[in-house]
Amino acid sequence: MSLPSLPLFHRLAGQPVVVLGHGEAAEAKRRLVVRAGGKVIEDLAEGIDIGARLAFIAHEDEGACQADAIRARGAGLLVNVVDKPALCDFTTPSIIDRAPVIIAVGTGGASAGLAKALRLRLERLLPQGLGALAEALYAARGAMRSRWPTAPERRRALDAALEEGGALDPLRGGDAAAVAGWLARGADGASGRFTITLRSADPDDLTLREARLLGQADAVVAGPQVPAAVLARVRADAARLVPGMPEPEAGIVVVIEAGPTETSSLRA
């Protein structure tokens, strides 16, 4: 399955960003650039001269939007034309700020209202202290390397701690004390070989445990009959194997079988 766009986080601190136009839409983009630490440039030629890489265009006249979009893109800038997805190189998501944790909800320009509604729903779920947990984990990197020497060991231990009900469940909040307590207990992550027999081609039919295993797997074994929609739920950097290939001796290995359409099972 292909993504309609690739979500990226762009560092703007101290960088020039072109914002063209008047009215509330243009002002909203100026506020967004300033909030991210960027320097607003309101003249396209000046922005090109000083090496701007992004341009927001919010003219009320569509012809002016198209003309400036062509000029900016021709000069190598990535362009966002407000409310005109077809003219955009990138779109701006609805943002949940739990710095340094930032969650972006986007629809590729299809519906800003839907993105906002999802953001508001998620805002109620995420504790304000989520940023403190992220900072505590960053500060504990050295201690984690000492406790779990290899990257797979660290990832599995952290996956277990951060899952629902885990020692560092992010929806319960957490801080440096919680991270220190988790390190002191030194719980290792899960490992083993698991087989998922699909009930259907719809990934929504996966159980919570099956979905969690796909997101945590070190390696996934799947034949060509396994639907792409299910494989899209697999951890991005997990090894992708076909049946018969050598499997890792450690970590989580998940075998996906396209079984009967009416049944599903998970075997360890």
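1. Cysteines. In this predicted model, the sulfur of Cys 88 lies 9.6 Å from the closest cysteine sulfur, which belongs to Cys 65, and that is too far for a bond. A disulfide is a covalent bond between the sulfur atoms of two cysteines. The cut-off applied here is a sulfur pair within 2.5 Å, and a search of the whole structure accordingly returns zero disulfides. Cys 65, for its part, takes part in no disulfide, its nearest cysteine sulfur being that of Cys 88. As for their surroundings, Cys 65 is buried, with a relative accessible area of 1%, and Cys 88 is buried as well, with a relative accessible area of 17%.

2. Salt bridges within a helix. The structure holds 15 salt bridges, and a few of them deserve a reader's attention one by one. In one of these, the side chains of Asp 68 and Arg 71 meet, with a distance of 3.2 Å from N to O. Both residues belong to helix α3, which spans residues 62-74, and because they are three residues apart there, about one helical turn separates them. The partners may also be described by their accessibility: Asp 68 is buried, at a relative accessible area of 12%, whereas Arg 71 is partly exposed, at 47%.

3. A buried pair and its network. Which residue forms a salt bridge with Asp 218? The partner is Arg 155, and the closest N and O atoms of the two are 1.9 Å apart. Asp 218 sits in the loop between α9 (208-216) and β8 (219-222), while Arg 155 is part of helix α7 (residues 151-162), so this pair ties together parts that are 63 residues apart in sequence. Asp 218 counts as buried, at 14% relative accessibility, and Arg 155 likewise counts as buried, at 18%. The contact also belongs to a wider arrangement, in that Arg 155, Arg 156, Asp 159 and Asp 218 are linked in a network of salt bridges.

4. A strand-to-loop salt bridge. Arg 193 forms a salt bridge with Glu 247, and here the closest N and O atoms are 2.8 Å apart. Since Arg 193 lies in strand β7 (residues 192-197) and Glu 247 in the loop between β9 (239-241) and β10 (252-257), the pair ties together parts that are 54 residues apart in sequence. Arg 193 is partly exposed, with a relative accessible area of 45%, and Glu 247 is also partly exposed, with a relative accessible area of 30%.

5. A nonpolar surface patch. Which residues make the nonpolar surface patch of about 380 Å²? The patch is made by Leu 3, Leu 6 and Leu 8. Leu 3 is found in the segment that comes before β1 (16-20), and at 62% relative accessibility this leucine counts as exposed, because the exposed class begins over 50%.

6. Cavities. The count comes to two cavities of 30 Å³ or more, and the largest cavity has a volume of about 40 Å³. Its lining is formed by His 10, Leu 12, Gln 15, Pro 16, Val 17, Gly 51, Ala 52, Arg 53 and Leu 54. Among these lining residues, Pro 16 and Val 17 fall within β1 (16-20).

Definitions and conventions. Residues are numbered from 1 along each chain as its sequence is written. This is a predicted model: local features need pLDDT of at least 70, side-chain atom pairs count only at pLDDT 80 or more; totals for chains, interfaces and linings use all residues. Side-chain values use heavy atoms; hydrogens and water are left out. Buried means under 20% relative accessible area, exposed over 50%, partly exposed in between (1.4 Å probe, protein chains only). Patches are made of residues with over 30% relative accessible area and no salt bridge: like charges are joined within 9 Å, nonpolar side chains (Val, Leu, Ile, Met, Phe, Trp, Tyr) within 5 Å. Accessible areas come from the Shrake-Rupley method with a 1.4 Å probe; for residues, only the protein chains shown count as cover. A salt bridge is a side-chain nitrogen of Lys or Arg within 4 Å of a carboxyl oxygen of Asp or Glu. Helices (H or I, at least four residues) and strands (E, at least two) are DSSP runs, numbered from the N terminus. On a 1 Å grid over the protein atoms alone, a cavity is a set of points where a 1.4 Å probe fits but cannot get out, and a pocket is an open set with protein on both sides within 12 Å along at least five of seven lines; lining residues have an atom within 4 Å of a point. Grid points are joined across faces, edges and corners, and a volume is the space filled by probe spheres set on the points.
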